[in-house]
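The following exchange examines a two-chain model through a series of questions and answers. Please consult the sequence and the coordinates alongside each turn.

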Amino acid sequence: MISKWVGKRMVMGIVVLFIVSFLSFFIMQAAPGDPAAAFYGGNAQTLTAAEKERITRAYALDRPVAQQYIAWLGETVKGNLGTSSKEGRPVSEIIMERLPNTLLLFSVTMFFIIIGSIWLGTVAGMREGSIWDKGLSTFSIATSSIPAFWLGILFIYFFAVSLGILPSSGSGDVEGNGGVIDKISHLIMPASVLIVTHVGIYARFLQESIKIENSQYYVKVARANGVTESSIRKGVVRNASIPYLNYIAMTIPSFFGGSIIVESLFAWSGIGQLTVKAVTTKDFPLLMGSIMVTGILVVITLFIVDLIMYAMDPKMRKGGAR
Amino acid sequence: MKSRKALLFWCSLLGLIVFLTVFSNMLAPFSPNEMNMDDVYSAPSSDHWLGTDHLGRDVLSRLLEGGKVTLAVASGSVILSLIIGIVYGGISGYFGGLTDTVMMRLLEALITIPALIIILSFQAIIQGGMWGMTLLIGLTGWLVTARIVRSEFIRLKEEEFVKMANMFGTPVWKILWGHLLQNSIPAIFVVTLFNFAGAIFMEVSLSFLGIGIPPAIPSWGNMLYYAQNDILIGAWWIALFPGIMIFLTILSINFIGEAWKNPKRRRVND
């Protein structure tokens, strides 16, 4: 059963990556100048005739667009993302330098968002009508209405300019003078901005699905039979967490979008900041590369969330429709 | 009763914001682009209520004018995505079968790609102005609307009055327009409200990154773009007020949307 399910998910992921690759390829086509120049950017002038010939052959530039796409895709799959037109280094090298920072920011924020929202959502959801219940609804609407980057600007003003306790930008270096402490102090502001603006909305979703689950007949029967409150809570939260995970999966793409902006604001040297830099400097090979990598990141994350859901939901394991 | 009052409050707040920005020409004390190099970075005072920016321009005037730009871009793009969403979702929901499956699979794939990424890449090539931005936000914002319209159409298609109308030989366009679309309006309204908030977020984010609205035109996002440098020298008023306006606008839209949401239709995102 699982192999069939995994296969289905994989096909979906591949379709998404195809669309992203179309987008990428379209950028190369639409970029000013001929594709070889777009691909090698500022270095195009330094290429010799033989090298140009080789590029033209490798990317099938003298043949129809469809064949060019296939050739380009072949090179991309092999890991050749071209050369940055501004830095003159291979795009894949630049991206590999940036990737750990993005993964660090993403995993730290997601960890705290999930822990925080499960805690808040459970407390609020299990006590219907309490202050927690009403308070969380308002809190979540209010926090999700704050633009994350604006909160970031305010944080910079308070913590970096006024108090001077946290660095306003950069991503720190573990091997530098400050070591791990330096890295963490750079991480605090971008991560907390993302956590504050997202935790409420996830908590609220869990709260609502716990409330629905709590009013189900089976819970009533369990209560009537004197099942302890703690084991009822365990069961209810477990069942409510499946729509919650689904919601996380649905919002992951916009979360990635939001982290692009926060990365740029704090000059956190990750993929998001790289993408924005590539757009503003018109570094098309770099832009294509970072778009592809973001697409791959989203697909992998969704796949992991799906796997967790699969493991938790017996209905899905038995082959039921989602 | 209490929620009625709250709804009224949020509606009037949103109305006030729209009013202030639409009539910014008359209400603004200064011209939004009027520079005064002798008066840069002056803190809020009786002369400039909300202070001046790095070129000595009045923040309050730019705030009102910028709101007009931001809200115009958001409204334009929401209308565009509403139309695309209704057509796409309507076709998918009404015809069903293979068409529906293919269209929904495509939609599912598109929804996984961060809209910001798509807009960023197009902005890199065309570097459009205000209307280019509107177009891009509209073209990437219709996915959820399409989903809602589809599920509404599928639900309504099975209702008795639609089956009856079919039996009587009512023309298809009349069923689509009068029966299916008009009965989906409450659901479409709610999702469009949230879409509007999303479009404001998108414009503001892009302009904040310096790749949205051209810098010559004031918008809330553009103001914040300059504010990130101004904040480092302590000019907090340039950053604070556009953010508060964005926050209040989105907050009132979200509360109105929440109040309108049918309790039974718990999740708009589905």
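Q: Which residue with a positive phi follows α10(A)?
A: The model discussed here is predicted. Beyond the end of α10(A) comes a residue with phi near 50°, a positive value. That residue is A:Ala267.

Q: At which residue does α10(A) bend, and by about how many degrees?
A: The end C-alpha atoms of α10(A), a helix of 37 residues, are only 46 Å apart, whereas a straight helix at 1.5 Å a residue would reach 54 Å. A proline, A:Pro253, follows the bend within four residues. The bend is located at A:Ile252 and amounts to about 45°.

Q: Which element of chain A gives the largest share of the side that touches chain B?
A: Contacts between the chains involve 42 residues of chain A and 41 residues of chain B. On the side of chain A, the elements that give two or more residues are α1 (2-30), α6 (131-144), α7 (148-162), α10 (229-265), α11 (271-280) and α12 (284-312). The largest share is 9 residues, and the element that supplies it is α10(A).

Q: How do the residues on the side of chain A that touches chain B divide into nonpolar, polar and charged?
A: The side in question consists of the 42 residues of chain A in contact with chain B. Its residues divide into 31 nonpolar, 9 polar and 2 charged.

Q: How many helices and strands does chain A have?
A: Read from the N terminus, the elements of chain A run α-α-α-α-α-α-α-α-α-α-α-α-α. Of its 322 residues, 39% count as buried. The secondary structure of chain A comes to 13 helices and 0 strands.

Q: What percentage of residues 187-206 of chain A is helix?
A: The unreviewed UniProt entry annotates "transmembrane region" at several spans of chain A, among them 12-31 and 187-206. Residues 12-31 of chain A are 95% helix and 0% strand, with end C-alpha atoms 29 Å apart. For residues 187-206 of chain A, the end C-alpha atoms are 27 Å apart, strand is 0% and helix is 100%.

Q: How far apart are the end C-alpha atoms of residues 233-257 of chain B?
A: In the unreviewed UniProt entry, the "transmembrane region" feature of chain B includes residues 187-213 and 233-257. Residues 187-213 are 81% helix and 0% strand, and their end C-alpha atoms are 31 Å apart. Residues 233-257 of chain B are 88% helix and 0% strand, and their end C-alpha atoms lie apart by 39 Å.

Q: Why does B:Thr70 count as buried?
A: B:Thr70 is found in helix α3 (residues 59-95) of chain B. Leaving aside neighbours within four places in sequence, its contacts are B:Ile200, B:Glu203, B:Val204, B:Ser219, B:Trp220 and B:Gly221. The cut-off for burial is 20 or more other C-beta atoms within 10 Å. B:Thr70 counts as buried because its C-beta neighbours inside 10 Å number 28.

Q: How far apart in space are B:Phe153 and B:Ser121, C-alpha to C-alpha?
A: B:Phe153 lies in helix α7 (residues 143-157) of chain B and is buried, with 26 other C-beta atoms within 10 Å. Beyond four places in sequence, B:Phe153 is in contact with B:Gly89, B:Gly90, B:Gly93, B:Tyr94, B:Leu180 and B:Ser184. B:Ser121 is 32 residues away in sequence from B:Phe153, and the C-alpha distance is 34 Å.

Q: What separates the C-alpha atoms of B:Thr70 and B:Pro242 in space?
A: In chain B, residues 24 or more positions apart account for 71% of the contacts with a separation of 6 or more. B:Thr70 and B:Pro242 are 172 residues apart along the chain. Their C-alpha atoms are separated by 11 Å.

Q: Over which residues of chain B is the pLDDT below 50?
A: Chain B averages a pLDDT of 85, and 95% of its residues score at least 70. One stretch falls below 50 and has 9 contacts beyond near neighbours in sequence. That stretch of chain B is residues 264-270.

Terms used
Residues numbered from 1 in each chain as written. Chains lettered and ligands numbered in written order. Predicted model: local features only at pLDDT ≥ 70, side-chain atom pairs only at ≥ 80, totals over all residues. UniProt positions renumbered as here; feature names shortened; annotations may be inferred. pLDDT = per-residue confidence, 0-100. Contact = placed C-beta atoms within 7 Å. Nonpolar A, V, L, I, M, F, W, Y, C, P; charged D, E, K, R; others polar. Expected span 1.5 Å × (residues − 1). Bend = angle between axes of the 7 residues up to and from the residue. Buried ≥ 20, exposed ≤ 12 C-beta atoms within 10 Å, placed from the backbone.
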